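Here are some exercises to try with the structure open beside you. Have a go at each task before you read its solution.

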Amino acid sequence: MNEWVEKLALCVERGKVNRDAPWPPDMKGQDGADELAAAALQSGCSPDEVLQGCILGMDRIGKKFSENKAFVPELLMSAKAMTAAMNHLKPYFQSGEVKRKGTFVIGTVAGDLHDIGKNLVAMVAEGGGFEVIDLGTDVSAEKFLKAVDEHPGCVVGISALLTTTMVNMEKVIRTIKEKHPETPIIIGGAPVTQAFADKIGADGYSPDPQGAVEFLNKKVA
Amino acid sequence: MDILAALNAKRVLVSDGAWGTFLQSKGLQPGECPELWNETHREAVLDIARSYIKAGADVIETNSFGGNAVKLAHYGFSDRASELSEKAAEISRQAAGMEHGVLGSIGPSGKILLMGDVTEEELYEAFRVQAQALERGGADAVICETFAAIDEATIAVKAAKENTRLPVICTFTFNKISQNEYRTMMGVSPAEAAAAALEAGADMIGTNCGNGMAQMVDIVRQMRAAAPQVPIVVHANAGAPILIDDQTVFPETPSMMADLVPALIEAGADIIGGCCGTTPEHIRAIAAAVRRYTA
């Protein structure tokens, strides 16, 4: 593997944003994802390889998170490092030189204002190589449908933290599937289970962000 | 009521049960601001407070869990944080009289400091305003509850401690990650949470919400080992919620929870009550079990 890819993946996995960042303490004073991405591109790495480094690093931290070997702070720092590296790819995304794997439309269901879980999934999906359209919290079925209309071929993710709001997911799924039966929909959130997902007609369920990315990869493959 | 003196006299105090799920059963709609009910549905909130006193609680909480300015911003009520929390404390005070205690509830902001969505100064200010309002409304203590991050909990405890004369309780919410190992969402262990809360100046520590009474016994044991002297407060969910026919059901019955009260006291709990899914019936059973144990 390209040496840059591995170096960048390590910065993303450890959450090393840039040279000045104090986190993690054992990498103090070293170059972070920001500097490495710039240097990699300058020394002839392809933008795709830089993206690969991000994906690899996020994949590693995502797995650790699923295994309870890393927690929200570590995941957030990794996402920050990933974003710092991805900023250098912006022109290549715009020119079409680098393509994302697909589009992921995500939001927290109507009546629910919680966004921490949804944001984590959005970050890990972005780090997994997807374009993320974040609709925010308290998102109505109509708003989800409009986003699917605007992003043909997208995958949809719906989040809920409360047992009282998770029941609103069914309406979103019905509304989208009526018009776009082929659109894959995954749901998640603390009270959500596979059995609930099956019952309301969701195509997937994941208890953690990594599972959502695996679902996305399967759907665009 | 002097909570610490009452603890010395009675050894174990009984606290109240759920407010959020109780409000929902009284008609609070998803997306509606629970703290606004202190103004618009005062009688309903008072009725919840009274029903816990009637069930045998020594102390009750206040309908102010989400009443900090940062969280109220969702509803456009940030500038009403002070009056809504003051009203919350007044209502619980009215139900409690002078013989029972009022714990003024402060929940987390819903923002993560690490994300940069909110600053330490904004959080401190929001918690200060709320703690002072709870004191004005007649609370006997401030309870900062359901915290996951040490930085945010520390700010909440300090804001209450430095700006009121009330004793401050700080409780965290843990998930089980492996056999006998617990962490908050932010990766904090019960021992780390206990040490951080005390370091911030909390007078009592503890745990709330969670996945049922049995896990609370483990968590309290670990907190007690880390903090041998300080009173420990437990507000336990009636198990993890499950959905049956579109209805949220909390699986632990009053007697199931009450059966674990002796184990919880032996693990080190000093104030015992319920969280999501617990009702006055649960508190009645817990109170009876506490009285039996301490008799």
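**Exercise 1. Find out how strands S9 (residues 232–236) and S12 (residues 271–274) of chain B pair, then place S9(B) in its sheet.**

Step 1. Strands here are DSSP runs of E with at least two residues, helices are runs of H or I with at least four, and both are numbered from the N terminus. Two strands pair if DSSP finds at least two bridges between them.

Step 2. S9(B) and S12(B) have four bridges and run parallel. Look for B:Val234, which sits opposite B:Ile272 in S12(B).

Step 3. Now go to S8 (residues 204–209) of chain B. S8(B) and S9(B) are joined in parallel by five bridges, and B:Gly206 faces B:Val233 in S9(B). S8(B) also pairs in parallel with S5 (residues 168–172) of chain B, over four bridges; there B:Ile169 has B:Met204 as its bridge partner.

Step 4. Zoom out: the open sheet has eight strands in the order S1-S12-S9-S8-S5-S4-S3-S2 (chain B), with parallel pairing. Its edge strands are S1 (13–14) and S2 (59–61) of chain B, each pairing on one side only.

A word on the model: it is predicted, so local features need pLDDT of at least 70 and side-chain atom pairs pLDDT 80 or more, while totals for chains, interfaces and linings use all residues. Residues are numbered from 1 along each chain as its sequence is written, chains are lettered from A and ligands numbered from 1 in the order written, and side-chain values use heavy atoms, leaving out hydrogens and water.

**Exercise 2. Work out whether strand S3 (residues 155–159) of chain A is mostly covered or open, and which strands it pairs with.**

Step 1. Buried means under 20% relative accessible area, exposed over 50%, and partly exposed in between (1.4 Å probe, protein chains only). By that rule, five of the five residues in S3(A) are buried.

Step 2. In a regular strand the side chains alternate between the two faces of the sheet. In S3(A), A:Val155, A:Gly157 and A:Ser159 point one way, while A:Val156 and A:Ile158 point the other way.

Step 3. S3(A) pairs in parallel with S1 (residues 103–108) of chain A over five bridges, with A:Gly107 opposite A:Ile158. Four bridges link S3(A) to S4 (residues 185–188) of chain A, again parallel, and A:Ser159 is partnered with A:Gly188.

**Exercise 3. Describe the salt bridge between A:Lys64 and A:Glu13.**

Step 1. Check the rule: a side-chain nitrogen of Lys or Arg must lie within 4 Å of a carboxyl oxygen of Asp or Glu. The pair A:Lys64 and A:Glu13 is 3.1 Å apart, N to O.

Step 2. Locate both ends: A:Lys64 is in helix H3 of chain A and A:Glu13 in helix H1 (residues 3–14) of chain A, 51 residues apart.

Step 3. Check the cover. A:Lys64 is partly exposed because its relative accessible area is 31%, whereas A:Glu13 has 13% and so counts as buried.

Step 4. Widen the view: A:Glu6, A:Glu13, A:Arg60 and A:Lys64 are linked in a network of salt bridges.

**Exercise 4. How far apart in sequence are B:Arg221 and B:Asp218, and what does that mean along helix H10 (residues 213–226) of chain B?**

Step 1. Their side chains meet in a salt bridge of 3.5 Å, N to O.

Step 2. They are three residues apart in H10(B), so about one helical turn separates them.

Step 3. B:Arg221, at 46%, is partly exposed, while B:Asp218, at 17%, is buried.
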